[in-house]
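Got your viewer open and a single chain loaded? Let's take a short walk through it, one selection at a time.

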Amino acid sequence: MFDYATVSHGLYVGGRWQPSSEGRVIEVVDPSTEAVIAVVPDATLADAAAAVNAASKAAAGWRETSPRRRSEILRRCFELMTERAEILAALISLENGKALRDARSEVAYAAEFFRWNAEEAVRISGEFGLAPSGANRNCVLITPWNFPAAMATRKIAPALAAGCTVILKPASETPLTAYALAALYEEAGVPPGVVNVLTTSTPGPVTAAMLADPRVRKLSFTGSTGVGRVLLAEAAKHVISCSMELGGNAPFIVFDDADLEAALDGAMVAKMRNAGEACTAANRLYVQAGIHDAFADGLRKRMAALNVGAGTHTETECGPMITSKAVNKIDRLVQDAVVRGAKVLCGGAIAEGKGYFYPPTVLRDVSADAAMMHEEIFGPVAPIMRFDSEADAIARANDTEYGLAAYIYTRDLAKGMRVASKIESGMIALNHGLMSDPAAPFGGVKQSGLGREGGQKHGVAEFMEAKYIAVTL
Ligand code: NAP
C-alpha cells in the first residue's frame, strides 16, 4: 500500500511548500473505500497572486537558461519519473482509483512528455521567437482528475521547453500526484518559481484572478467542454491565448470485413482504459449488420470477465469511478437507454457496498435518441448499435457536437482511409485501440477543443508566439 504521508501536501509556490493563506483544506478521498486519505491546502486569491508573482519572478531566469540546460533538466524529470514509476503508479491508483496496470501505463506516458520535450527544447527552429514584450511567458495550466500525471506533464514539459513558467491547478480529486511530481521537478533541477502548484476549491475566482493579471499570457486547459466554454469567455476579457482539450464522444466503427478478434481487443482498450474514464474512450460502438451479433457476444464475454476492485489490488482490471456523482450519472445514462429500448447484455446496475463502483456493462440496440449517444458516459459502459452502409456509419459517427477521437476497424485500407477522411475528429485510430502518443498531435475539432498537445512542434508551438522582424541593413 502506498504511504501517501510521504507526499508533500503544501501549495508549491516559488519552490516553497506552504499552507493556504486562510488555513483552509480540501479532503482527498480513496474512491474504492470512500475514506479520506489526505488533506491538501485550499488556495485563496492571495495564494493565486503569490503564484503569479513567483512565476513572474522566475520567468527571466528561465527564459535566459540555455535550451541545452532546459533540455537536460527535462530529461532528468523523465529519468526520475521512470525510476519512481512504481511509487507514482501506486499513488495515482490510490487517489484516482484506476487499476495499477492503467496507472503504470499513465506514468510511462506522462514521463515520455519530458523525454520528448527535452529533445524538442534544443530543436525549436528560428521560425519562432519571443513576443516583443517577452510577456507571453507565464502560463496557467488546469488539469482534470482522470490522468493526474499525464495531463499535467503534457502541458508542463512543452511549456518548460519553450522557456515558460507555469502555475498548475490540478483537479481537487487527485492533487497528490501533482504535488509528488512538483517535488520531483525540484530534484531534477527545475528552479524555484518555474513550476508552481495550487489546489483550490474555488477554481472559478482563483483562475479569473490569475487571468486578470497582465503577466499571465497563456491558458492551457484540459477538462469538460462546459468548463472550457466558461474559461474561454474569461480569457476573452483579457485576449489570452488558449489551448483547450475538452470532452469527447468517440465513435468506434466495426465493418463486416474487420478482423473480429482484433476489433474486440481494440474495443476493450478503447473502452476500458481507465475503466472508461478517458476523453478518447469509445462512447458509441457502431457495428455493421453482418458482424454485429458475433461482436456483441464477444464483447459481452470479455466485459463480464473483467476483475472489478480497488485499483491498488494487482489483479484489478476495472477500478472504481472517481465519485458517487460519476456513478449516478453513468446509471442515469444506462437507465435512460434501457427505457428507450436498449437490451442489457451484462452489468447495468450500480454495485452494492462501499466504493464508487459500476460494473462493466454492454448494451445493444441503443436508440439514437438515448442520452448516452450525445453525452460522455465516462465509465465502463459499451453501447452497441447496428448499421448497414458506410454512409450510414459516417453520418451517425458525425452526429455529435464533439470531434476528439474515432476508431475504425476494417481490413480494407482504402475504405478505412476514405472513412477516416470523412469523420469529423481531430484523431482517428485505424485498426488500433489506443491513439495517445507524445510524438503525435493530440486534440479535437468542433466542441472538443482548440489547439494540439504533443507531436512534432505542435505541443511546444502552443506555448510560443510567432514574431516577425522586418530589418533594413
Ligand atoms: P472539469 O469538471 O471540467 O474539471 C477540469 C478542471 O477544471 C479541474 O481542475 C477543475 O477543478 C477545474 N475547474 C472546474 N470549474 C472551473 C472554473 N470555473 N474555472 C477554472 N477551473 C475550473 O472536468 P473533469 O471532470 O475533471 O474531467 C473530465 C473531463 O475532461 C471530460 O469531459 C473529459 O473528456 C475531459 N478530458 C479531456 C481530455 C482531452 O485531452 N481532450 C483529456 C482528459 C479529460 P476542480 O477539480 O477543483 O473542480
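Select T199 and Y179 and show their side chains: the two make a polar contact with each other at 2.7 Å. A polar contact here is a pair of N or O atoms within 3.5 Å; within protein, one must be able to donate a hydrogen and the other to accept it, and residues adjacent in sequence count only if both atoms are side-chain atoms. Before you go on, note that this is a predicted model, where local features need pLDDT of at least 70, side-chain atom pairs count only at pLDDT 80 or more, and totals for chains, interfaces and linings use all residues. Residues are numbered from 1 along each chain as its sequence is written, and side-chain values use heavy atoms, with hydrogens and water left out.

Stay on T199 and add P41: the T199 side chain also reaches the backbone oxygen of P41, at 2.6 Å. Is T199 buried or exposed? It's buried, with a relative accessible area of 0% (buried means under 20%, exposed over 50%, partly exposed in between, using a 1.4 Å probe and protein chains only). Leaving aside neighbours within four places in sequence, the residues in contact with T199 include L11, I26, V40 and P170; contact means heavy atoms within 4.5 Å. Zoom out a little, and you'll find T199 in the loop between β7 (195–197) and α7 (203–212). Those labels are DSSP runs numbered from the N terminus: helices are H or I, at least four residues, and strands are E, at least two.

Next, select strand β9, residues 241–245. Of its 5 residues, 4 are buried, so the rest of the structure largely encloses β9. Add β8 (residues 216–222): it runs parallel to β9, and 5 bridges join them (strands pair if DSSP finds at least two bridges between them). Click F221 and look for its bridge partner in β9, M244. Now add β19 (residues 449–450), which runs antiparallel to β9 and is joined to it by 2 bridges. Here E245 has G449 as its bridge partner.

Last stop: helix α9, residues 260–272. Its 13 residues should span 18 Å at 1.5 Å a residue, and its end C-alpha atoms are indeed 18 Å apart; the expected span is 1.5 Å times one less than the number of residues. Colour its buried residues, among them A263, L264 and M268. What covers them includes α4 (100–121) and β10 (250–254). At the N-terminal end of α9, look for the cap: a side-chain oxygen of D259 lies 3.1 Å from the backbone nitrogen of E261. Just after α9, finish at N274, which takes a positive phi of about 60°.
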